[in-house]
Amino acid sequence: MGASSNNFLQVVAKNFDVLALPLVTLVYPLYASIKAIETKSLSDDQQWLTYWVLYSMLTIFELTFSKILECLPIWAYAKLILTCWLVLPHFNGAAHVYKHFIRPFYINPQSTAQRIWFVPRSKDSLFTKQDDILTAAEKYMEQHGTQAFERLINKIGRKEQGGEAIT
């Protein structure tokens, strides 16, 4: 009985990446995504939408470079570690990638080359005017909720239509 359990542990250890990868890359993210859909929080929606975008990009990368990656025995473990960093709430890696790479590209695609290649800039030019407005709106919604934000926008719209000054 000791030899068979020893063999089982050896098989599990040798195939750890094959066993863990689907759990980390698909099963847990699917569960967490469904859970995020059922909450009103925008941050978990952002985390999981970003994860699926990154997972898609990683899959495209793997399909494109499959012949090269087959020669790298460490690739499966590197992918597992990267995916854990993206998925696990402790690290919040997907949100980090979104905040530092995807969102800056989306907000200002012209300066993406500078952001990717890390060209240090002054603190004054870190955000564009559009980005400041979006950041303020996101913070307001996180603190007060989306319904309060909608009420604020409607209130401002009514004041502008009525000719009243906005204070």
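Begin by selecting Phe16, which sits in helix α2, the helix that spans residues 16-37, and colour this predicted model by accessibility if your viewer allows it. Because its relative accessibility is 43%, Phe16 counts as partly exposed, a class that lies between the buried limit of under 20% and the exposed limit of over 50%.

Keep Phe16 selected and add Phe61, Phe65, Ile68, Leu72, Ile74 and Tyr77, since together these residues make a nonpolar surface patch of about 670 Å².

Now zoom out to the whole chain. What elements does the chain have, and how many? There are nine helices and zero strands, so that a cartoon view, followed from the N terminus on, shows the run α-α-α-α-α-α-α-α-α. Of the 167 residues in the chain, 24% are buried, while the accessible surface comes to about 12800 Å², with 66% of it belonging to carbon and sulfur atoms. Among contacts between residues at least 6 apart in sequence, 49% join residues at least 24 apart.

Next, select Glu62 and Lys79 and show their side chains, which meet in a salt bridge with an N to O distance of 2.7 Å. Glu62 belongs to helix α3 (residues 42-64) and Lys79 to helix α5 (residues 75-87), and the pair, 17 residues apart, links distant parts of the chain. Are these two residues buried or exposed? Both Glu62 and Lys79 are buried, and the structure holds one salt bridge, so you may leave this pair displayed as a landmark while you move on.

The last stop is a group of aromatic rings. A pair of aromatic rings is described by the distance of the centres and the angle of the planes. The count for this structure comes to seven aromatic pairs. One of them joins Trp48 and Tyr51, whose ring centres are 5.8 Å apart and whose planes stand at 70 degrees, so the pair is edge-to-face. Because Trp48 and Tyr51 are three residues apart in helix α3, about one helical turn separates them, and both are buried.

From Tyr51, step to Trp52: here the ring centres are 5.0 Å apart and the planes are at 75 degrees, so the pair of Tyr51 and Trp52 is edge-to-face. Tyr51 is buried, with a relative accessible area of 1%, whereas Trp52, at 24% relative accessibility, counts as partly exposed. To finish, add Tyr28 and Tyr55 to the selection, and you will see the cluster in which ring pairs link Tyr28, Trp48, Tyr51, Trp52 and Tyr55.

How values were computed:
Residues numbered from 1 in each chain as written. Predicted model: local features only at pLDDT ≥ 70, side-chain atom pairs only at ≥ 80, totals over all residues. Heavy atoms only, no water. Salt bridge = Lys/Arg side-chain N within 4 Å of Asp/Glu carboxyl O. Helix = DSSP H or I, 4+ residues; strand = E, 2+ residues; numbered from the N terminus. Buried < 20%, exposed > 50% of the residue type's maximum accessible area, 1.4 Å probe, protein only. Patch = residues over 30% accessible without salt bridge, like charges linked within 9 Å, V, L, I, M, F, W, Y side chains within 5 Å. Areas by Shrake-Rupley, 256 points an atom, 1.4 Å probe, with all protein chains shown as cover. Contact = heavy atoms within 4.5 Å. Phe/Tyr/Trp six-rings, centres within 6.5 Å; stacked < 30°, edge-to-face > 60°.
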